[in-house]
Amino acid sequence: MTVQNIKSRFGIIGHSSALEHALNTALQVATTDLTVLITGESGTGKEVFPQIIHQLSARKHGPYIAVNCGAIPEGTIDSELFGHEKGSFTGAHEARKGYFEVSNGGTIFLDEVAELPLLTQVRLLRVLETGEFIKVGSSKVQKTNVRVVAATNVNIPDAIRKGKFREDLFYRLNTVPISVPPLRDRREDVHLLFRKFAGDFAEKYKMPTLTLLPDALKLLQEYRWPGNVRQLKNVTEQLSILEQKKEINAETLLKYLPQESFSSVPALFQSEKSTDFNERELLYKVLFDMKKDITELKKIVFNVVSNGTEHVSLENHDLHTNSFFNDVHSENTPVLSNPETAITLSKPNHLPVDAHEEVEESLSIADKEKDLIKKALEKYRGKRKGAARELGISERTLYRKINEYGIK
Ligand SMILES: Nc1ncnc2c1ncn2[C@@H]1O[C@H](COP(=O)(O)OP(=O)(O)OP(=O)(O)O)[C@@H](O)[C@H]1O
Ligand SMILES: [Mg+2]
């Protein structure tokens, strides 16, 4: 197996030496049982590495379990990882095996490992050093044979200084470090990645493939890409969907790139029309939210029509435009009146909308914008920095808009 084989098997794009070095390390270490720590900024592509390591190891026929340590509540993480005995805590009606037991003979991927609570870090250190663990509520020591690959986008030495990560665990995990480079350090890969994503999205959305005019290509390569490959992929998807003209110029591309990240971009791209771009960004956010709502609504209607469901709850649907509920005049207003399937949409009880009040929704973009700004300010308790970040505009633009709309 060569690095080139790995790239085609796992769909990895890029020729930069830093990426090749990382892949080569994964290739070398895969056949051993050594613990690997993968580091790199958010969105750099860390998640494929544990899969490569598992697939190229002698454990490939054993289990592979990926655990997102940041997504498990602190109260249950020990039990999820190491299992628990029946009755060991309220709600533990049955004994349960943890991931370390289930992945015996295989590989466990501990993603966002820096999010582990300190006490769990102690248990992890023990299992790494001796292969031993104890279920929550038990006193029996058990053995497991698991290869650990961990990943983080946190600077662990920094976390150690702040007392959030155990130094001994760091050295134990870091037996073989793999560092995935940020996109701005592999600029030669940016265009390759863009072309790959543009091709994929053209196929997915059945539309012609985007191409970049020279000024847009220059901008693409000189941008900082703080969100790395994930951000490049998202921007390519947005361009594919929203732009009618498939030849993209720098001005168009600039609309999709947050302003704060232009520090290393030449003056040419720090456009004099920045205010317009900010306004457009905000407008796009409104349009995106509306588009998401429409997709959600389509799903609801599709489910209703195909399942013949009589009563549909919107509670589990992530609708951004709250005013949607204002269109539902009363609890039992039939929305589609097919005589065979009388369908009703019910409002979640927690929404403080008067069931009998008819509210005319404003379709003015300015009103929507004002509304969004108010909501963002409420969410961040008046703190403009957080609100601006959430809205995707600069603090300066937010300040101007607050004055313009007379928002208190
Ligand atoms: N070299 C690459 N070739 C193709 N796609 C890539 C490459 N690197 C990353 N991607 C894609 O970019 C997206 C983000 O990658 P991934 O989820 O692995 O990021 P991450 O490093 O785990 O970030 P985080 O720390 O935020 O979890 C994924 O859709 C992934 O497929
Ligand atoms: Mg990840």
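Which residues come nearest to ligand 1? In this predicted model, there are 16 residues around ligand 1, and those that come nearest are Ile13, Ser42, Gly43, Lys46 and Asn153.

**Contacts with ligand 1**

Three residues can be described by the distance from one of their atoms to an oxygen atom of ligand 1, and the table sets these out.

| Residue | Atom in the residue | Distance to an oxygen atom of ligand 1 |
|---|---|---|
| Gly43 | backbone N or O atom | 2.7 Å |
| Lys46 | polar side-chain atom | 2.7 Å |
| Arg230 | polar side-chain atom | 3.0 Å |

On its own, ligand 1 has 640 Å² of accessible area, and the protein covers 81% of this area.

**The surroundings of ligand 1**

The space that ligand 1 takes is the second largest pocket. Two elements, α9 (190-204) and α11 (228-242), are those that give two or more residues to the shell around the ligand, and the largest share, 3 residues, comes from α11. When the residues of this shell are sorted by class, 5 are nonpolar, 6 are polar and 5 are charged.

**Aromatic pairs**

Turning from the ligand to the structure as a whole, a search finds 5 aromatic pairs. One of them is formed by Phe82 and Phe100, whose rings are stacked, with 5.2 Å from centre to centre and 10° between the planes; the pair counts as stacked because its planes are under 30 degrees apart. Phe82 belongs to helix α4 (residues 77-82) and Phe100 to helix α5 (residues 99-102), and the pair therefore ties together parts that lie 18 residues apart in sequence.

Definitions and conventions:
Residues numbered from 1 in each chain as written. Chains lettered and ligands numbered in written order. Predicted model: local features only at pLDDT ≥ 70, side-chain atom pairs only at ≥ 80, totals over all residues. Heavy atoms only, no water. Near = heavy atom within 4 Å. Polar contact = N/O pair within 3.5 Å; in protein donor to acceptor, adjacent residues only side chain to side chain. Areas by Shrake-Rupley, 256 points an atom, 1.4 Å probe, with all protein chains shown as cover. 1 Å grid on protein atoms, 1.4 Å probe; cavity = no way out; pocket = protein on both sides within 12 Å on 5 of 7 lines; lining within 4 Å. Sits in = over half its atoms within 2 Å of the grid points. Helix = DSSP H or I, 4+ residues; strand = E, 2+ residues; numbered from the N terminus. Nonpolar A, V, L, I, M, F, W, Y, C, P; charged D, E, K, R; others polar. Phe/Tyr/Trp six-rings, centres within 6.5 Å; stacked < 30°, edge-to-face > 60°.
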